[in-house]
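The following account leads the reader through a protein model, from its sheets to its helices, its ligand shell and its loops. Please keep the sequence and the coordinates at hand while reading.

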Amino acid sequence: PTSSPRVIYWFRTDLRLHDSPALIHALSLSPSILYPIWTWDPYYVYHSRIGSNRWKFLLDCQNNLSASLTALNPKSKLFVIREAPQTLFPKLFKAWGITHLVFEKDTDAYARERDGRVIELAREAGVEVIVKPGRTLYDSDELVKENKGKPTMSINQVQAAGAKIGDIPRPLLAPKSLPDPGETDLDFKQERPNRDHDANSNPRKEIENTYSALAGPNGDFAVPTVAELGIQEASTPHRGGETIALKILDEIVADSDYTATFEKPKTAPTAFEPQATTLLSPHLHFGSLSCREFYWRVQGVVDKYKGKASQPPTSLTGQLLFRDMYFGAQASLNYSFRQTYNNSQCRFIPWHLPSEIDSKSGLITGKYHIDNQEALEWFTRWREGRTGFPWIDALMRQLKQEGWIHHLGRHAVACFLTRGGCYVDWERGAEVFEEWLIDHEAACNIGNWQWLSCTAFYSQFYRCYSPIAFPQKWDKEGKFVRRYCPELATFDAKYIYEPWKAPIADQKSWGCLIKGDGEQNEEGKFMVYPNPMFDFPERRDICIRAMKNAYSVGLYGDDPRVVDGSWRKL
Ligand code: FAD
């Protein structure tokens with residue numbers, strides 16, 4: 001049958017048509033039939049932390065992709081099939097007479113395991129599988145190989161390994177046409193051998209149920225709606241989809257000064273509408289923008305630029321190298337990357353609220369040890385944006401509402417929660433980001449939390465972000481705080497980062513009292529904003545001393561002393 005291939009193209013991390021090496025490869029097989037599908041994997045639906053803002057962004061991307069597929073062939077679209085790939089594919093292969101399965105490579109730990117299983121099932125069914133890298137500038141496994149088989153822990157290592165691999169691939173054009181999809185009947189009767197012997201079953205009903213469970217409420221494999229998913233309405237203003245991503249990129253590169261002279265440390269974390277960086281991260285996460293398209297469009301502007309262009313790592317292309325660095329670290333360390341325990345690159349620090357580890361599997365259980373009520377209170381107040389430090393609270397509220405905050409804002413809240421304030425385990429913070437970020441990318445989130453907590457990638461723990469002096473440098477007036485903490489909107493700029501210092505008479509005349517822990521937000525005719533939850537300079541000094549201690553002990557997550565029950569007692 002290979003003379004007229006019947007191909008499934010499995011969309012996952014690549015919700016786009018432009019620069020998709022795997023999709024172009026699928027089309028180069030000259031298929032008679034091509035099914036573009038998305039499998040609604042219960043791992044993500046039920047086992048991951050995903051807030052409604054990221055769901056919505058995903059649905060936007062899927063709807064946009066589906067419309068683009070239909071524009072190339074009126075019979076085509078994104079067929080969203082509601083079942084786990086590990087059980088679905090054997091049935092699909094048979095029902096649709098599939099000869100080839102093609103998808104973009106994914107090096108996330110769970111994805112590797114899942115794809116390994118799917119490849120096995122395809123082999124059993126006589127289906128040829130083709131996997132092409134396309135999610136990063138360099139194939140992450142190649143990067144690790146050229147880094148002497150080790151996780152990439154610095155930009156220098158990425159640049160050196162990248163130079164050995166060769167040029168970053170140039171982007172590919174989007175296809176101009178698509179083959180028809182075949183029939184989408186999914187009568188899986190034959191897969192249910194015991195059905196006829198089950199006295200309680202109604203055969204017709206069962207097939208119908210199977211079909212609608214797989215094909216959605218209207219039986220047409222449509223992209224789910226927010227209502228079908230049963231999730232809350234999204235509150236983010238940021239929208240997904242390839243069309244929007246390419247438009248944003250066009251606008252960015254049209255401004256050649258911005259693009260060529262971009263220096264990350266000089267971009268203001270307090271800027272909003274518009275923000276100071278590109279906000280393309282959620283598009284890179286869902287693959288509605290190709291990172292090589294981004295890279296080469298920017299490089300094209302830099303090459304033509306008459307003035308002095310910025311250089312990696314602070315330049316825009318440098319930002320994409322950081323992304324590749326974290327993907328390389330994750331590709332090498334696999335499951336152990338996401339936690340301290342068993343992680344050879346991650347320093348062991350005796351944080352408050354450490355994870356509980358399942359002693360058999362060595363994986364985090366999703367629970368944590370509540371060994372310190374005060375730390376639990378700090379963590380809760382951090383999460384809910386009521387620490388009493390307006391800079392921190394404004395960022396956490398922006399994160400929750402909009403699903404995106406500036407990189408240096410992420411620095412500020414991550415440092416504050418871990419080594420520069422609360423001394424709470426970075427894994428707790430990473431979990432909150434995982435739920436709320438629209439750009440949540442396991443590799444980047446985990447890697448950056450390790451960086452900020454000085455457990456890997458970075459070690460200058462004596463450099464802390466002050467929640468007062470740092471934002472003052474960017475935004476003297478406190479516009480950002482006024483926007484996200486409206487209780488403080490009328491406070492004098494002098495007190496905007498330290499409202500507890502304002503005289504009571506002033507607090508009253510500005511309509512907001514500084515008191516309590518933020519659980520109460522009104523008192524009579526006044527609004528209420530919390531008192532700071534601790535004395536910051538005091539906490540910072542305690543943390544620095546503790547970090548110094550932990551560094552001098554010098555244990556890493558894979559040290560047997562950490563494994564053998566001394567996890568919490570060290
Ligand atoms: P730009 O400055 O415009 O950069 C362009 C692109 O480069 C980004 O879209 C992103 O893909 C990549 N990039 C930039 N900085 C980094 C970085 N430090 N690490 C990795 N990639 C980078 N980024 C994520 O994509 N997903 C995450 O889950 C994530 N979690 C983070 C958690 C913490 C604690 C911190 C400190 C940073 C995290 N980052 C994460 C990295 C970074 O903050 C975001 O990528 C960036 O702020 C996204 O905004 P942008 O698209 O405007 O970035």
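In this predicted model, helix H1 (residues 21-28) lies across S1, S2, strand S4 (100-104) and S5, and runs at about 160° to S4. The strands beneath this description belong to an open sheet of five strands, in the order S3-S2-S1-S4-S5, with parallel pairing. Strand S3 (79-81) and strand S5 (128-132) stand at the edges; each has a single partner strand, so one side of each is left without a neighbour in the sheet. On average, and with direction ignored, neighbouring strands of this sheet are turned by 30° against each other. Strands of a sheet pair through backbone hydrogen bonds, either parallel or antiparallel. Within the five-stranded sheet, strand S1 (residues 6-10) and strand S2 (residues 33-39) run parallel and are joined by five bridges. One of the residues to look for is arginine 6, whose bridge partner in S2 is isoleucine 33.

A further open sheet consists of three strands in the order S8-S10-S9, and its pairing is mixed. Its edge strands are strand S8 (512-514) and strand S9 (522-523), each of which pairs on one side only. S9 and strand S10 (residues 526-529) pair in the antiparallel sense over two bridges. Here glutamate 523 has phenylalanine 526 in S10 as its bridge partner.

Among the helices, H5 (residues 109-124) has 16 residues and reaches 23 Å from its first C-alpha to its last, close to the 22 Å expected at 1.5 Å a residue. Glycine 126, which follows H5, has a positive phi near 70°.

Helix H14 (316-333) takes part in two helix contacts that can be described in turn. With helix H7 (residues 155-165), H14 packs at an angle of about 90°, the axes being 9 Å apart. H7 is therefore roughly perpendicular to H14. Ile155, Val158 and Gln159 of H7 make this contact with Leu321, Phe322, Asp324, Met325 and Gly328 of H14. By class, the contact of H7 with H14 has five nonpolar, two polar and one charged residues.

H14 also packs against H19, at an angle of about 90° and with the axes 8 Å apart. H14 is therefore roughly perpendicular to H19. In this contact, Arg323, Tyr326, Phe327, Ala329 and Gln330 in H14 meet Ala442, Ala443, Cys444 and Gly447 in H19. The residues of the contact of H14 with H19 divide into six nonpolar, two polar and one charged.

Which elements supply at least two residues each to the shell around the ligand? They are helix H12 (281-286), helix H14 (316-333), helix H17 (407-417) and helix H19 (442-452). In total, 28 residues surround the ligand, and the closest are Thr277, Thr278, Gln319, Asn445 and Asn448. The shell comprises twelve nonpolar, eleven polar and five charged residues.

The loops contain backbone features that deserve inspection. In the loop between helix H11 (256-261) and H12 lies proline 274, and the peptide bond from glutamate 273 to proline 274 is cis, with omega near 0°. Glutamate 273 is found in the loop between H11 and H12 as well; although glutamate 273 is not a glycine, its phi is positive, about 40°. A cis peptide bond also joins proline 312 and proline 313, with omega about 5°. Proline 313 is placed in the loop between helix H13 (291-304) and H14.

How values were computed. Residues numbered from 1 in each chain as written. Predicted model: local features only at pLDDT ≥ 70, side-chain atom pairs only at ≥ 80, totals over all residues. Near = placed C-beta within 6 Å. Helix = DSSP H or I, 4+ residues; strand = E, 2+ residues; numbered from the N terminus. Nonpolar A, V, L, I, M, F, W, Y, C, P; charged D, E, K, R; others polar. Expected span 1.5 Å × (residues − 1). Axes fitted to C-alpha atoms, helices over the stretch in contact; angles between N-to-C directions. Parallel < 35°, antiparallel > 145°, perpendicular 65-115°, else oblique. Contact = placed C-beta atoms within 7 Å. Pairing = 2+ DSSP bridges.
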